[in-house]
Amino acid sequence: MIEGVTRRTMLVGAAALPLATRAAAASTALPDRTSFAPMPGTYLDSGTMHPVPIGARDAARAYLEQRATMDGYFPTDAVESRVKANFAKLINATPEEIAFVQSTTAGEQAIIDALGFPREKGRIVTDTLHFFGSFYLYEELAKQGVEVTWLRPRDNRIAIDDLERAIVPGTRLVALSLVSTYNGFEHDLKRVCDIAHAKGALVYADIIHAAGTVPIDVRASNVDFAACASYKWLMGDFGLGFLYVRADLHDRLRRTRYGYYQLSGFDPHVYPFDQPATKVDYPIADVTPRRDMEGLFAGGTHAHAISAMLDYSLDHILAVGVDRMTAYRQPMLRRLHAGLASLGYSIVTPPESRTPLVTCVLEGARERLSAPLKAAKVQITLSRNRFRVSPSIFNTMDDIERLLAALPRV
């Protein structure tokens, strides 16, 4: 039985490697339509949920096939090591600086906890172009005695001089979205970090709309913390993401959770044939926490099916190249700006933005636009009083024209 399990483990592990290899060897011609299954209409909503590449789908199926038959074991350690290494490469970090988290919000909350908020008071500077899901977090911290300063946009941007004035001595954290989910505005992260660090503050960046869409270099920016999920531009799925923490900050952060996955060593003393305890403080089990960021932030088990998907999709993103992706969509973004303006829509995305989000404000947008877009089989993000278009690498200029033709003039 042990021999059979070992053989199957090797086969499953070997099967995972060609998936990543195929991604790297795949044609990188753009638009990249062959990597995705045919869609029933025109999909311009990747900022909400990115389609899963066919290779990532097949990787998940392979994992589920193994789970269904229970023939051997999924090579979790090897797959997760590759996934973490590829994400680290994407943002120019080291794998030791990366921890798996459930979501972007979970990563941001982990940093808040590790810094001792709200028990340890101090000033936090954030802005209203940050992820709206974080509004609740910082408003609740304010109610519990943390000084929270909100910056509002001017001309649909967060002005760097407003940030500089707000980050005063005593500020402990600056929290922002590198790319705003609302309108695609992109902070100059290096300038923000330079200003914050000069005044003793740390910087957290939500990178869910940046990772996989614009080049990120955490070394060049010197950002302290960053988090993202994988179901958007990393082409994974819900329930698994990444938290980056600069390595030299490890010992400055408080460990606020304690779990088996944080350990590099575990020696129990309660079962038959166990060795007796060697540490006075640990009569039940001797433990050795990991020295990487998993040692501070690991929770429980990770989503293995999503790891399998990311084993393919991250490799594919790296093979295509984020620089090329960014350049490819620029003509589509320019056409969107011109076409939407000609139809009378009020665009709140800065025209110079290189990010894949173009947003318009329109009172009653969902009510007014749902029917014509459904009739044209065009999908975008429709909110109550705004709409957002987010093209990806499988989209073409024809998709943009289809959207513009479907939208009524206002």
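Are Tyr345 and Phe387 buried or exposed in this predicted model? Tyr345 is buried, and Phe387 is buried as well; the legends below begin with the whole chain and then turn to this pair and to other close-up views.

**Figure 1. The whole chain, a predicted model with 13 helices and 15 strands.** The radius of gyration is 23 Å, close to the 22 Å that the globule rule gives for 410 residues, and the chain is therefore as compact as a globular protein of that length. Taken along the principal axes, the box that the C-alpha atoms fill has sides of roughly 80 × 55 × 35 Å. Of the 410 residues in the chain, 52% are buried. Among the contacts with a separation of 6 or more, 72% are between residues that stand 24 or more positions apart. The chain exposes about 18,600 Å², and 55% of this area is supplied by carbon and sulfur atoms. As for charge, the chain carries 46 positive and 45 negative side chains, and the centres of these two sets lie 5 Å apart.

**Figure 2. Aromatic pairs, of which the structure holds 11.** A pair of aromatic rings is described by two values, the distance of the centres and the angle of the planes. Tyr260 and Phe266 form an edge-to-face pair, with 5.6 Å from centre to centre and 80 degrees between the planes. Tyr260 counts as exposed because its relative accessibility is 57%, which is over the cut-off of 50%. Phe266, with a relative accessible area of 44%, is partly exposed, because this value falls between the cut-offs of 20% and 50%. Tyr345 and Phe387 also form an edge-to-face pair, and here the centres are 5.3 Å apart while the planes make an angle of 90 degrees. This pair links distant parts of the chain, since Tyr345 belongs to the loop between helix H11 (322–342) and strand E11 (346–347), whereas Phe387 belongs to strand E15 (residues 386–389), 42 residues apart. Both Tyr345 and Phe387 are buried. Elsewhere, Phe87, Phe100 and Phe242 form one aromatic cluster.

**Figure 3. Two cis peptide bonds, one joining Leu30 and Pro31 and one running from Phe117 to Pro118.** In the bond between Leu30 and Pro31, omega is about 10 degrees. Pro31 is found in the loop that runs between helix H1 (2–25) and strand E1 (42–43). In the bond from Phe117 to Pro118, omega is near 0 degrees. Pro118 also lies in a loop, in this case between helix H4 (104–114) and strand E3 (123–127).

**Figure 4. Positive phi angles at Met70 and Asn156.** Met70 is not a glycine, yet its phi is positive, at about 55 degrees. The residue lies in the loop between helix H2 (54–69) and helix H3 (76–91). With a relative accessibility of 48%, Met70 counts as partly exposed, because this value lies between 20% and 50%. Asn156, likewise a residue other than glycine, has a positive phi near 65 degrees. Its place is in the loop between strand E4 (147–151) and helix H6 (160–166). Asn156 is partly exposed, with a relative accessible area of 25%.

**Figure 5. The surroundings of Phe297, a residue of helix H9 (residues 294–297).** Phe297 has a relative accessible area of 4%, and it is buried because this value is under 20%. Not counting residues up to four places away in sequence, Phe297 touches Ala99, Ala110, Ile111, Ala114, Leu243, Val245, Leu253, Arg257 and Gln262. Val192 stands 105 residues from Phe297 along the chain, and the C-alpha atoms of these two residues are separated by 25 Å.

**Figure 6. The surroundings of Ile284, in the loop between strand E9 (263–268) and strand E10 (285–289).** Ile284 counts as exposed, because its relative accessibility of 53% is over 50%. When residues up to four places away in sequence are not counted, Ile284 touches Pro268, His269 and Val270. Tyr271 is 13 residues from Ile284 in sequence, and from C-alpha to C-alpha the two are 9.8 Å apart in space.

Definitions and conventions
Residues are numbered from 1 along each chain as its sequence is written. This is a predicted model: local features need pLDDT of at least 70, side-chain atom pairs count only at pLDDT 80 or more; totals for chains, interfaces and linings use all residues. Side-chain values use heavy atoms; hydrogens and water are left out. Helices (H or I, at least four residues) and strands (E, at least two) are DSSP runs, numbered from the N terminus. The radius of gyration is taken over C-alpha atoms; the globule rule is 2.2 Å times the number of residues to the power 0.38. Buried means under 20% relative accessible area, exposed over 50%, partly exposed in between (1.4 Å probe, protein chains only). Contact means heavy atoms within 4.5 Å. Accessible areas come from the Shrake-Rupley method with a 1.4 Å probe; for residues, only the protein chains shown count as cover. Lys and Arg count as positive and Asp and Glu as negative; His and the chain ends are not counted. The place of a charge is taken as NZ of Lys, CZ of Arg, CG of Asp or CD of Glu. Rings of Phe, Tyr and Trp (its six-membered ring) pair if their centres lie within 6.5 Å; planes under 30 degrees apart count as stacked, over 60 as edge-to-face and the rest as tilted.
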